[in-house]
Amino acid sequence: MKRCLIVVCLVLIQFFTLAQNDPKILQALVSDENINIDGLLDEHIWQLADVADGFQQLEPDPGEAPTFDTQVKVLYDDDAIYIGALLLDESPEKILKQLSERDDIQNSDWFTCTIDTYKDGLNAFSFTLTAAGVQVDDKFAAGFNDSNWDAVWESDVKIVENGWSVEMKIPYSAIRFSNAEVQEWSIQFIREIRRFREQSTWNPIDPANSNTLAQAGRLHGIKNIKSPTRLSFTPFVVGYLNSNYNPEDGESQSSTAYSAGMDLKYGINDAFTLDMTLIPDFGQVLSDQQVLNLSPFEVFFEENRQFFTEGTDLFTKADIFYSRRVGSRPLNYFEVYSSLDSTETVIGNPDITSLYNATKISGRTQSGTGVGFFNAVAAEEYAVIENSTDGTQRQFKTNPLTNYNVLVVDQNLRNNSYVSLINTNVMRSGSDYDANVTGAEIFLKNKSQKYGLQGSTAISQKYFSDFTDVGHKLNLNFSKLIGQWKYGVGFNQESDNYDPNDLGFLFAPNERNFGISGSFTQFDPKSTKLARYSHNVSLGYSRLYKPDEFVDFGINYNSFFIFKSRLAFGFNARLEPIETYDFFEPRSFTFEDYYTFPTSWNVGGFVSTDYRKIFAIDINSNFRKFGADGRRNFNISVRPRLRLSDQWSLFFSCNFSKRFADEGYVNADNVPSSILDVGDEILFGNRDRQIITNTLSTNFIFTNNMFLNMRIRHYWDKVEYNNFGTLQADGYLSDVVFDGNNENGESIFNRNVNIFNLDLNYNWRFAPGSDINFNWKNQIFTSDDQYGEDYFHNFSGLFDANQTNSFSIKVIYFLDYLYLRR
């Protein structure tokens, strides 16, 4: 739920509140008094400041007066801006204040201040404080929410006799603003009374306008402030104890490692910031949710490394940058295995590349020009090969020295529009190829911002020694952005050789997609129980780019209902009324072969209960039926949550998936020719597949600066093949006499896979920006032939398998230049 509630609130602003009027104005007052950040507005200067009040509900009754008033004041001095708020409540003992990790909101009241220093309606800084004193900060840029952005600021809260009060000290080093003598900023204040699920804002917002940042109030009165020298160092040291335990012989192999490095931030000027990480270490990052991949496409993994998630809003333009490519698997990781002779084995092959450094420069000028630059250097990597005859070893280079670059320029335009240009580049030493992608994105709105035209394009180039491979993409969407009724039409094209994947992510190129959609949302049903509902219908039509062949056609329906009690449910359906064609599953990559999908229909739904309760649950389900006999898919996900106290919560997720008579590609090269020889034909298998994924997460929050969290995940995937066939010219299968076994009667293609991960992390923020982290990672992977066993047998057998453990402790210390100078 990382930061999800504050993000949801900012989205809900789009739907709930009054029509937009002239923005409210609040005068900031200069302070010559020392402000003690203790959560109490007891300094005399607070009594003299202008008051922002007159909040209006966002939900559950948009436009109505909130249950309790809120009063906000703003002070400033040469170093910082100060936010003071009194959040009135006639029953302070009922204020919800569940503790949570930093940047996470659980069952607690909260207050948010959002500041748009350039008044462009596209970029802003958001600072949130819960009634438990937990800090949350976000950065918004052109509709992109950077929830991983972390600033160093001071705050405190107090429960008082008439509610609760907030004090924030936001240093100028945490935000960006122009060097003008007189500052005028956009500002918005948001409050949630959690026990009522009531949200209110200071400045009213048009519920039909999707751009919420452009509908803030104004902050006047700030004069003669200067952007300070923004220079900070965050050195770290980390130590590891790694072990590999084999329960069969009871032996454990252990090793130790250590590392040290530093992150640096420097404000080049009032608008631009340099971020650099030297000798980075990401060993404590949350484990990826690995799966058994039988598809022709790469698995997408989320980025969890903080350096690559914070301050990257500009780099998302045109959708051609995927930061997981930096430091990923070596380029020639698999080629080492084809270089072996009969006496050699691979005894070491690193699956990630080490980084020497990574650097970001980003910012935005007063005229609305944003510039971002990213660079990283990855080291050479080598596999180690050993000769079994004489024990000699040799190295095989799996990754060359590699330089990654991204450059982006983004310009704000009238009516909260923008245009962007971005370039990504990968240069490798030696004979390996280089790659470059150049993209552009534009979003234009009319004066009323009722209609929008969004488009993007990119050209990919891969430079080989004897030729250059060039591809392109084009995306164009027109939509109605405001009102209960919304609609849109879109077109997307990717050429057959478009490939941004050296520094981007694309599942597959070679497609033309056409889509049209329409939706109706009732923001205020005038019901005593129902808070909002919506319906959406869309049609999608797809073809290959080359050759120009039909691929898919589908009709989709979605609905959503939420009650004032916070019970929510919805339905979805999809119909594919004609046969569709998959040109990727055959793995021929010539786009001459295709697999024919029969007609199908799909229905599903969800229900979500009130998270304010001690116990809540989310349930999602889906059923798909194909025209072919017996072929069907069923999925269900159950996610209960239990709040044991204001400090301890449990979250459980159980996902069950069953596919009956699924058909997919199998590699005929794995079948001995003495058993089955299909020649150049493509072999498919009919299979039943069952997947169960159970995840248990728990958080124990000692204080708002100290927490312990743990995630345990077990993934079980069983695949059993029924029969086999070769792919025919019409996309159907022709049966072959083959039971899927080798000469010894062992199955070649059946799979029984278990993946188990445990991630435990203890974090203590002992000083602003400074942390001590203890981390434990445990991983178990098994793949065997126990296809007849059930889930519980597989789970109990996990601990009889090899397992790896990694224990680490990391100390991070934040050093601020201004503090050191004083």
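Two strands pair if DSSP finds at least two bridges between them. The exercises below use a predicted model.

**Exercise 1.** Which way do strand 2 and strand 4 run, and how many bridges join them?

*Solution.*
- Step 1: Find strand 4 at residues 70-76 and strand 2 at residues 29-30.
- Step 2: Count the bridges. There are 2, and the strands run parallel.
- Step 3: Apply the cut-off. At least two bridges are needed, so strands 2 and 4 pair.
- Step 4: Pick out one bridge. Val30 has Tyr76 of strand 4 as its partner.

**Exercise 2.** Which strands are the edge strands of the open sheet with the order 2-4-5-11-10?

*Solution.*
- Step 1: Read the order. The sheet has 5 strands, with mixed pairing.
- Step 2: Look for strands that pair on one side only. These are strand 2 and strand 10 (154-160).

**Exercise 3.** Is Asn224 buried or exposed, and where is Lys526 found?

*Solution.*
- Step 1: Take Asn224. Its phi is near 55°, positive though the residue is not glycine. It sits in the loop between strand 14 (217-223) and strand 15 (231-246).
- Step 2: Its relative accessible area is 51%, so Asn224 is exposed.
- Step 3: Take Lys526. Its phi is positive too, about 60°. Its loop lies between strand 29 (511-522) and strand 30.
- Step 4: Lys526 counts as exposed because its relative accessibility is 71%.

**Exercise 4.** Which residues form a negative surface patch with Asp800?

*Solution.*
- Step 1: The partners are Glu248, Asp249 and Glu251.
- Step 2: Place Asp800 in the loop between helix 5 (791-796) and strand 44 (803-812).
- Step 3: Asp800 has 58% relative accessibility, so it counts as exposed.

How values were computed. Residues are numbered from 1 along each chain as its sequence is written. This is a predicted model: local features need pLDDT of at least 70, side-chain atom pairs count only at pLDDT 80 or more; totals for chains, interfaces and linings use all residues. Side-chain values use heavy atoms; hydrogens and water are left out. Patches are made of residues with over 30% relative accessible area and no salt bridge: like charges are joined within 9 Å, nonpolar side chains (Val, Leu, Ile, Met, Phe, Trp, Tyr) within 5 Å. Accessible areas come from the Shrake-Rupley method with a 1.4 Å probe; for residues, only the protein chains shown count as cover. A salt bridge is a side-chain nitrogen of Lys or Arg within 4 Å of a carboxyl oxygen of Asp or Glu. Lys and Arg count as positive and Asp and Glu as negative; His and the chain ends are not counted. The place of a charge is taken as NZ of Lys, CZ of Arg, CG of Asp or CD of Glu. Helices (H or I, at least four residues) and strands (E, at least two) are DSSP runs, numbered from the N terminus. Buried means under 20% relative accessible area, exposed over 50%, partly exposed in between (1.4 Å probe, protein chains only).
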